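Please work through the exercises below with the sequence and the structure at hand. Each task is followed by a solution in steps.

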Amino acid sequence: MLSKFRRIVVVVLLLSCAVLNAQNRAKTVDAGGHAWWQHAVFYEVYPRSFADSNNDGVGDMNGIASKLDYLKDLGVDAIWITPCFPSPQVDFGYDVSNYEDIDPMYGTLADFENLAREAKKRGIHIILDFVPNHTSDQHPWFVDSKSSRTSAHRDWYIWRDGKVPGQPPNNWTSTFGGSAWKFDPATNQYYYHYFYAQQPDLNWRNPAVEKTMFDITRWWYKRGVSGFRLDAVDILFEDPNLKDNPVTGGRNAYGDAYQEHKYNTKLPEVHQALRGLRKVADEYNAVLIGETWTKDIAELNLYYGKGNNELQLPMDFLFTTVNKLSPTEFRKQIAAINSASGWPTFVISNHDIARSYDRYGDGQHNDDIAKLMASLYLTLRGTPILYYGEELGMKTTVPTRREDVKDPIGRSGWPKEKGRDGERTPMQWDESVNAGFSKATPWLSVPPTAKTHNVADESKDPDSILSFYKKLLRLRHTNKELLDGNYLPLNQNDQKVLSYLRVYQDQAVLVALNMSGTPQRVNFELKRNGFASARALAATGKSSSQGDFVTLDPYGVFIGQLER
Ligand code: NOJ
C-alpha cells in the first residue's frame with residue numbers, strides 16, 4: 001500500500017515537473033520555437049554620443065530615455081548600451097571601476113532604472129555591455145591587488161616577475177601598442193594588460209573572480225536587464241606558462257613586431273567561462289551577444305557551444321570584412337553563416353568599425369548604397385544589430401589633426417592609426433546647433449553632414465534613408481518569410497546582382513540587390529517556378545518587377561512577395 005502511494009507521489013511529481021518544464025519552454029520560445037532575441041532588432045547606443053540631456057557635451061541615460069519613442073517608431077526591440085558604469089574613461093567606459101553602478105557622467109542608478117522602466121513600457125529590452133576580461137586600474141580590486149604581493153586581491157590579476165631584471169615576463173604585445181606588461185616598482189612585478197595599461201586583465205583562473213563576475217550579471221538581471229554584449233570574450237585566459245608568441249614578421253601602426261596571439265587568445269578555457277555565464281543568463285531568459293572576432297565559421301561555432309550552451313548571438317564579424325560591394329563575396333559569407341551551428345547575428349559597423357556609409361559608398365551614390373546595405377542585413381535570416389546613426393547615413397568623420405583625437409590609440413598610432421573617433425560622433429537629430437545632440441560643445445565635433453542627414457529632416461522625406469529603414473523594419477516584424485524563412489541563394493554566378501529568396505512553408509520573398517553602378521534587368525524565371533509575379537514590398541527609385549523580370553536602378557533594391 002505504502003509503496004503504491006509512493007509510486008503515485010513520484011508520478012505526480014514527475015508530471016508536475018513536466019508541466020513546469022513545458023511552461024518554462026512556453027515562456028522562452030514562441031509557437032514557432034523562436035526565442036525573443038531571434039525576432040528582435042537590436043540597436044547599439046554609444047551613450048557618450050546619443051543624446052545629452054544636461055548639456056555638458058556628453059550623452060547620458062536621461063538623453064537615451066528621451067529618445068525611446070524615436071527608437072520604438074524606428075522599429076527597435078532592444079538597445080545595447082556600451083559601458084555606462086563608473087570609469088575613468090581612458091577607453092571610454094571599457095575600463096570599469098565599479099560594475100554595479102552608473103557613471104555620474106551618464107546619470108544615476110535611478111536614471112538607469114527609469115530608462116529600463118520606460119523602455120519596458122514600450123516593449124524595448126535593455127542590453128548592457130559587460131567587460132569581463134579587464135577592469136580599470138582604478139577599480140578597488142586592482143588598487144588592493146597592486147598594494148602588496150600579499151594583498152587579498154593580488155591573485156585577481158596577472159602578476160609575474162620579469163624574465164630577467166628589467167625585462168617583461170614574455171614578448172606579448174598589447175593590442176593597443178607596446179608590451180602587454182607594465183612594471184610596478186613598488187612590488188617589483190609586472191601586471192598583464194591586453195589593452196591599455198590602465199586596463200589590467202583579471203585572472204579568470206581564480207574561482208573568486210569567476211564567481212564575482214557571474215554574480216554581477218545576476219545583479220543587473222535583477223534590475224531588468226535582458227542580456228549582455230560580452231566584451232573581448234576570446235581573451236579571458238592566458239597560457240599559464242606564459243610562452244612567447246610566435247613573431248610573424250613586419251610591424252604594426254605602433255611599431256610593434258606582428259605576432260600570432262597563440263598563447264594569450266582563444267584558449268579552450270574561455271568556453272567553460274561562457275557556459276557559466278550562459279547558465280546564469282538562462283535563469284533570466286536573457287541573451288548573450290559576443291564580441292567574437294573569428295577567422296572562419298568553424299571558429300564562430302565554438303562560441304555557440306556544443307548544443308548551443310554558450311552565446312546565443314556571437315557576432316559574425318567576417319561579414320564586416322567584406323569591404324566592397326561584391327555579390328560573390330557576400331554570397332560566400334552568407335552561405336557560411338547560414339551553415340553555422342546557431343542563429344546568425346549581423347552587424348555592418350559599430351563603435352570600433354568605420355561606418356558602412358563610407359566603407360561601401362562610391363562618393364556619388366552613397367545614399368542609395370546605404371539603402372542597399374540596409375536591405376542586405378535586414379532581410380537575411382538572423383538577428384541584425386544596427387549601430388546608431390546607420391539609419392541616417394551618418395558618415396565616418398576621422399579627425400584630421402592629431403591634437404583633435406580623443407581615442408588614445410589614435411594618438412599613439414598617428415598617423416597610421418587615427419583611432420575610432422570617426423565612427424563615434426554625436427547622433428544627428430536635427431539641423432540646429434550641434435545637430436540637436438547638446439547645447440554645449442560636444443565631446444566630439446558634429447560632422448557637417450548633420451545638415452543633410454538628420455532625424456528631423458529625414459523623418460519628413462519619404463525617400464530618405466531613415467524612411468527606408470523604417471519600412472524595412474516594419475516588414476521584418478510582420479513578414480513571416482523575412483522573420484523565419486530559409487535563405488535560398490539565386491543566380492549564383494551573377495557578378496552584379498545579389499539575389500535570394502526567403503522561403504517559409506509555401507511562401508517566398510525575393511530580394512534583389514544591384515551592387516553595381518549600372519542598371520540591371522534580371523530574369524528570375526518566376527513562371528517556370530510556379531509564380532505569376534513578385535509584388536513589391538519595398539523598392540528604391542524606379543526598381544520594379546514585371547513578369548519574370550526585375551529591373552534595378554544603379555545600386556537599386558527590389559524586395560517582393562512572390563505570388564501564384
Ligand atoms: C572591445 C571594445 O569594443 C572596444 O571599444 C574596447 O576598446 C576593447 N574591447 C577593450 O575593452
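The exercises that follow concern a predicted model and treat its sheets, selected residues, backbone geometry and internal space.

**Exercise 1. Determine the strand order of the sheet that contains β4, β5 and β6, and identify its edge strands.**

Solution.
- Step 1. The three strands make an open sheet, arranged as β4-β6-β5 with antiparallel pairing.
- Step 2. β4 (159–160) and β5 (181–184) pair on one side only, and these two are the edge strands.
- Step 3. The pairing of β5 with β6 (residues 189–192) is antiparallel and comprises four bridges.
- Step 4. Within this sheet, Trp 181 has Tyr 192 of β6 as its bridge partner.

**Exercise 2. Describe the sheet that contains β14 and β18, and state which sides of its edge strands lack a neighbour.**

Solution.
- Step 1. Five strands form this open sheet, and their order is β14-β15-β16-β21-β18, with antiparallel pairing.
- Step 2. β14 (486–490) and β18 each have a single partner strand, so one side of each has no neighbour in the sheet.
- Step 3. On average, neighbouring strands here are turned by 25° against each other, direction ignored.
- Step 4. Inside the sheet, β16 (residues 507–514) and β21 (residues 557–563) are joined in the antiparallel sense by five bridges. Val 511 has Ile 559 in β21 as its bridge partner.
- Step 5. Helix α10 (residues 327–338) lies across β14 and β15 (497–504), and runs at about 25° to β15.

**Exercise 3. Is Gln 38 buried or exposed, and which residues surround it?**

Solution.
- Step 1. Gln 38 belongs to helix α2 (residues 36–39).
- Step 2. The relative accessible area of Gln 38 is 10%. The limit for a buried residue is under 20%, so Gln 38 is buried.
- Step 3. The side chain of Gln 38 comes to 2.8 Å from the backbone nitrogen of Ala 35.
- Step 4. When neighbours within four places in sequence are left aside, the contacts of Gln 38 are Gly 33, Trp 343, Gly 382, Thr 383 and Arg 476.

**Exercise 4. Locate Asn 350 and describe its surroundings.**

Solution.
- Step 1. Asn 350 sits in the loop between β12 (345–346) and α11 (356–360).
- Step 2. With a relative accessible area of 1%, Asn 350 is buried.
- Step 3. A polar atom of the Asn 350 side chain lies 2.6 Å from the backbone nitrogen of Asp 352.
- Step 4. Beyond neighbours within four places in sequence, Asn 350 is in contact with Glu 44, Phe 317, Tyr 387 and Glu 423.
- Step 5. Leu 277 is 73 residues from Asn 350 along the chain, and the C-alpha atoms of the two are separated by 24 Å.

**Exercise 5. Examine the backbone at Leu 242, Glu 525 and Pro 415, and place each residue in its loop.**

Solution.
- Step 1. As background, most residues other than glycine have a negative phi, and most peptide bonds are trans.
- Step 2. Leu 242 is not a glycine, yet its phi is positive, at about 50°. Leu 242 is located in the loop between β7 (227–230) and β8 (247–251), and with 11% relative accessibility it counts as buried.
- Step 3. Glu 525 also has a positive phi, near 45°. Its loop runs between β17 (520–523) and β18 (533–539). Glu 525 is partly exposed, at a relative accessible area of 31%.
- Step 4. The peptide bond from Trp 414 to Pro 415 is cis, and its omega is near 0°. Pro 415 is in the loop between α13 (408–413) and α14 (455–460).

**Exercise 6. How many cavities of 30 Å³ or more does a search of the whole structure find, and which residues line the largest cavity?**

Solution.
- Step 1. The search of the whole structure gives one cavity of 30 Å³ or more.
- Step 2. The largest cavity holds about 40 Å³ of space.
- Step 3. The lining of the largest cavity consists of Ile 348, Ser 356, Tyr 357, Ala 370, Met 373, Ala 374, Glu 390, Gly 393 and Tyr 469.
- Step 4. α11 and α12 (366–379) are the elements that give two or more residues to this lining. α12 gives the most, with three residues.

Technical notes:
Residues are numbered from 1 along each chain as its sequence is written. This is a predicted model: local features need pLDDT of at least 70, side-chain atom pairs count only at pLDDT 80 or more; totals for chains, interfaces and linings use all residues. Side-chain values use heavy atoms; hydrogens and water are left out. Two strands pair if DSSP finds at least two bridges between them. Buried means under 20% relative accessible area, exposed over 50%, partly exposed in between (1.4 Å probe, protein chains only). A polar contact is a pair of N or O atoms within 3.5 Å; within protein, one must be able to donate a hydrogen and the other to accept it, and residues adjacent in sequence count only if both atoms are side-chain atoms. Contact means heavy atoms within 4.5 Å. Axes are lines fitted to C-alpha atoms, for helices over the stretch in contact, and angles run from 0 to 180 degrees between N-to-C directions. On a 1 Å grid over the protein atoms alone, a cavity is a set of points where a 1.4 Å probe fits but cannot get out, and a pocket is an open set with protein on both sides within 12 Å along at least five of seven lines; lining residues have an atom within 4 Å of a point. Grid points are joined across faces, edges and corners, and a volume is the space filled by probe spheres set on the points.
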